[in-house]
Amino acid sequence: MGDGSSPGQGKDPKAVWCTVRPVAFASAAIPSRLLAPALVAASLLAFLLAGRADGAERAWSTYLGPEGACTSAGDANAPVASQVRAVACLVNWARRQENMKSLSRRSALSAAAARKGLKVASCGDFSHTPCGSSVTSGVDASGYRFALFGENLFAGAWGKATPRDVVSAWLQSPPHRANIMSGLFRHVGLAPVRANGLMGQPDAVVWTATFASPRS
């Protein structure tokens with residue numbers, strides 16, 4: 001996960017730029033070359049996004065944990081491990097708003113997330129297929145035998161984006177929110193990786209969230 005230092009070490013906690021990118025529901029039974037583009041996740045919203053009994057759609061902000069809900073969520077200077085726990089906490093806080101089960105962290109999926117971030121960083125390609133790699137290359141290499149897979153990416157300024165900034169950005173995007181709120185996923189892995197020069201930024205960070213459910 002990067003060079004081991006904190007994504008927020010010695011930096012202004014206010015994020016000045018960020019961008020996000022999702023991919024949803026790669027099935028173990030479907031070759032990656034046949035996977036639809038990431039944004040088709042929007043077509044899955046009818047059953048993936050949390051819904052209310054009265055049919056009303058909740059604002060994304062109702063899923064974002066308030067300040068203090070998760071330790072280190074607003075601390076850009078926290079150690080990497082603390083920030084990873086904060087992102088996981090915020091993801092599960094969002095799910096609890098719809099009485100959904102929490103996602104359990106799995107080390108294999110965290111390793112998959114780190115591999116994807118490192119590939120993005122080394123290729124300088126903010127994509128789910130950096131340098132032409134398979135969208136599932138990270139999770140395939142991790143040894144986690146998945147039935148369903150999804151992935152969220154976030155890129156921002158190293159040392160300026162807090163865990164709450166990361167999850168806030170994902171929740172504001174319907175396809176990213178769909179991955180977070182999907183009842184089909186059981187496990188998650190998270191990793192930030194330093195990516196200097198990415199998207200023209202001299203000091204950047206890539207966060208990867210790898211969502212999955214295992215084969216039965």
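The legends below describe close-up views of side-chain contacts and buried regions in a predicted model.

**View 1. The tilted aromatic pair of phenylalanine 146 and phenylalanine 149.** The structure holds two aromatic pairs, and the one shown here joins phenylalanine 146 to phenylalanine 149 with 5.8 Å from centre to centre and 45 degrees between the ring planes, an arrangement that counts as tilted. Phenylalanine 146 is buried, with a relative accessible area of 6%, and phenylalanine 149 is likewise buried, its relative accessibility being 2%.

**View 2. The stacked aromatic pair of phenylalanine 185 and phenylalanine 211.** In this pair the ring centres are 5.7 Å apart and the planes meet at 20 degrees, so that the rings count as stacked, since planes under 30 degrees apart are placed in that class. Phenylalanine 185 belongs to the loop between helix H6 (174-181) and strand S4 (187-194), whereas phenylalanine 211 belongs to strand S5 (residues 204-214), and the pair therefore ties together parts that are 26 residues apart in sequence. Both phenylalanine 185 and phenylalanine 211 are buried.

**View 3. Arginine 58 with tyrosine 63 and glutamate 98.** Two contacts of one arginine side chain are described in this view. Arginine 58 lies over the face of tyrosine 63, at a distance of 5.0 Å from the ring centre. The side chain of arginine 58 also meets that of glutamate 98 in a salt bridge, with 3.4 Å from N to O. This salt bridge links distant parts of the chain, 40 residues apart, because arginine 58 is in the loop between helix H1 (45-48) and helix H2 (80-96), while glutamate 98 is in the loop between H2 and strand S2 (104-105). With a relative accessibility of 21%, arginine 58 counts as partly exposed, whereas glutamate 98, at 17%, counts as buried.

**View 4. The salt bridge between arginine 164 and glutamate 67.** The structure has four salt bridges by count, and in the one shown here the closest N and O atoms of arginine 164 and glutamate 67 are 3.2 Å apart. Arginine 164 is in helix H5 (residues 163-172) and glutamate 67 is in the loop between H1 and H2, and the pair links these distant parts of the chain across 97 residues. Glutamate 67 counts as exposed, at 60% relative accessibility.

**View 5. A salt bridge with both partners buried, glutamate 151 and lysine 116.** The closest N and O atoms of glutamate 151 and lysine 116 are 2.8 Å apart in this salt bridge. Because glutamate 151 lies in strand S3 (residues 146-157) and lysine 116 in helix H3 (residues 107-123), the pair ties together parts that are 35 residues apart in sequence. Glutamate 151 has a relative accessibility of 2% and counts as buried, and lysine 116 is also buried, at 2%.

**View 6. Helix H6, largely enclosed by the rest of the structure.** Of the eight residues of H6, seven are buried, which means that this helix is largely enclosed by the rest of the structure. The buried residues are Pro175, His176, Arg177, Ala178, Asn179, Ile180 and Met181.

**View 7. The largest nonpolar core.** In soluble globular proteins, nonpolar side chains tend to be buried together. The largest nonpolar core of this model has 31 residues, among which Trp170, Ile180 and Trp207 touch the most other members. H2, H5, H6, S4 and S5 are the elements that give two or more residues to this core, and its largest share, eight residues, comes from H2.

Technical notes. Residues are numbered from 1 along each chain as its sequence is written. This is a predicted model: local features need pLDDT of at least 70, side-chain atom pairs count only at pLDDT 80 or more; totals for chains, interfaces and linings use all residues. Side-chain values use heavy atoms; hydrogens and water are left out. Rings of Phe, Tyr and Trp (its six-membered ring) pair if their centres lie within 6.5 Å; planes under 30 degrees apart count as stacked, over 60 as edge-to-face and the rest as tilted. Buried means under 20% relative accessible area, exposed over 50%, partly exposed in between (1.4 Å probe, protein chains only). Helices (H or I, at least four residues) and strands (E, at least two) are DSSP runs, numbered from the N terminus. A charge sits over a ring if NZ of Lys or CZ of Arg is within 6 Å of the ring centre and within 35 degrees of the ring normal. A nonpolar core is a set of buried Ala, Val, Leu, Ile, Met, Phe, Trp, Tyr and Cys residues joined through side-chain atoms within 4.5 Å.
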